[in-house]
Structures are given as structure tokens and as C-alpha cells.
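This report walks through one protein chain, from its overall build to its local details. The sequence and model come first.

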Amino acid sequence: MGQEIINNEEALITQSGYEKIEEELEFLKATKRLEVAERIKVALSFGDISENAEYDEAKNEQAQLEERISKLENILRTAVIVDESKLDHDVVNIGSWVKIDYDGDIEEYTVVGSAEADPSHSKISNEAPIGRALMGRKVGEVFDVEVPNGTASIKILEVRRD
């Protein structure tokens, strides 16, 4: 397979990430909307809405829910699904798992599109400083990258696709 580096300017997503977003969207639309509507209905039954904290809270939750639904729909509408079968397995790209030496600490990440990024689960965006710097690199490469608190030295120890 030839090296194919995906353009970082596109809204990229893996197939599994796309499916997870579809599942969340379906849950929010089919289940969560009904729950919030029921909370609003119950709160309205308490009477005067001008001083009704339950109503205000339910309406705020509804606004947040609709904002999340809109965001997920936009991600799905604009996403470009990465065909991982066409990517080199030894080159960092979307969907790659990487093990790096980060200023002496060993860290592991999966590089994903920005829509899938979840640093708490070691999923870093290809648009974040470290993710961007990793793209297209191979095992053994050493480089510096500008991070919010200065410059970090990174060595790629392992790359694979799961």
C-alpha cells in the first residue's frame, strides 16, 4: 500500500466513530427528547412558570439537548469517513494507535478526527498540536512540537492499526 496522508483540513472520522455518533444521535432523538418533554410537562403541572425552578431546569436541559443534536447532525452531514484499508499501517494517520516517548514519559494515543477526539480516553485529534505533528510519521522518528506550555520532544515508538 502506498502512503496516503489525509488532508488535515477535512472533517475526518473513522467508520466506528461515525457509527457511535449515529447511535448517540438516535438515543438523543428517540429517548432523551421524550424524557425532557415529560419533565417539562410535569413542571408545567406545578402551575406558575415564572418562579418554577423545575420548569427552568427542564427548558435549559432541552436547549442543551437540541444543541447537541444539531452538532451531531452537522458532524454526520459534513464528515468524511476515512477508508482505513487504504492507509499504510506503519504511518500515523486517522485511526492509528501510537506509542510515543513524550519528554521521557511513555504515552499511548489513538489519532482520530476532531469529531471523535476524547483526550480522557486517549483519543487525540489530528488537528491538535501533537496529533497534527504525528500525522504521516513512522516509528523511530524524533521531532519537537509546540504545545501550550512550550516545546515537547517526541519519539514514535510504535504505530499500528487495530
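Buried residues make up 34% of the 162 residues in the protein chain. The model is a predicted one. Three helices and seven strands form the chain. Read from the N terminus, the elements follow the order β-α-α-β-β-β-β-α-β-β. The radius of gyration is 21 Å, well over the 15 Å that the globule rule gives for 162 residues, so the chain is more spread out than a compact globule. Along the principal axes, the C-alpha atoms fill a box of roughly 65 × 35 × 25 Å. Among contacts with a separation of 6 or more, 56% join residues 24 or more positions apart.

**Annotated spans**

UniProt, in an unreviewed entry, places two features on the N-terminal part of the numbering discussed here: a domain, "Transcription elongation factor GreA/GreB N-terminal", at residues 12-81, and a "coiled-coil region" at residues 18-75. The table sets out the computed values for each span.

| Span | Distance between end C-alpha atoms | Helix | Strand |
|---|---|---|---|
| Residues 12-81 | 6 Å | 80% | 6% |
| Residues 18-75 | 9 Å | 86% | 0% |

**The sheet**

Five strands build an open sheet in the order 5-4-3-7-6, and the pairing is mixed. Strand 5 and strand 6 (142-147) stand at the edges; each has a single partner strand, so one side of each is left without a neighbour in the sheet. From one strand to the next, the twist averages 45°.

How do strand 6 and strand 7 run, and how many bridges join them? They are antiparallel, and six bridges link strand 6 to strand 7 (residues 150-161). One pairing can be named: V145 has A152 of strand 7 as its bridge partner.

**Two cores**

Nonpolar side chains tend to be buried together in soluble globular proteins. In this model, the largest nonpolar core has 21 residues. Which of them have the most contacts inside the core? They are V98, I100, I130, L134 and I154. Strand 3, strand 4, helix 3 (129-134), strand 6 and strand 7 each give two or more residues to this core. Strand 7 supplies the largest share, four residues.

I154 shows the surroundings in detail. Leaving aside neighbours within four places in sequence, I154 touches I100, D101 and Y102, then I130 and L134, and also E141, V142, F143 and V145. Apart from this core lies another, of 15 residues. Its members include I13, V36, A43 and I75.

**Two positive phi angles**

Two loop residues deserve a look at the backbone. D103 is not a glycine, yet its phi is positive, at about 50°. D103 sits in the loop between strand 3 (96-102) and strand 4 (105-112). Is D103 buried, partly exposed or exposed? Its relative accessibility is 46%, so D103 counts as partly exposed.

S122, also a residue other than glycine, has a positive phi near 60°. The loop that holds S122 runs between strand 4 and strand 5 (123-125). With a relative accessible area of 32%, S122 is partly exposed.

Methods:
Residues are numbered from 1 along each chain as its sequence is written. This is a predicted model: local features need pLDDT of at least 70, side-chain atom pairs count only at pLDDT 80 or more; totals for chains, interfaces and linings use all residues. Side-chain values use heavy atoms; hydrogens and water are left out. UniProt positions are given in the numbering used here, feature names are shortened, and annotations may be inferred rather than shown by experiment. Buried means under 20% relative accessible area, exposed over 50%, partly exposed in between (1.4 Å probe, protein chains only). Two strands pair if DSSP finds at least two bridges between them. Axes are lines fitted to C-alpha atoms, for helices over the stretch in contact, and angles run from 0 to 180 degrees between N-to-C directions. A nonpolar core is a set of buried Ala, Val, Leu, Ile, Met, Phe, Trp, Tyr and Cys residues joined through side-chain atoms within 4.5 Å. Contact means heavy atoms within 4.5 Å. The radius of gyration is taken over C-alpha atoms; the globule rule is 2.2 Å times the number of residues to the power 0.38.
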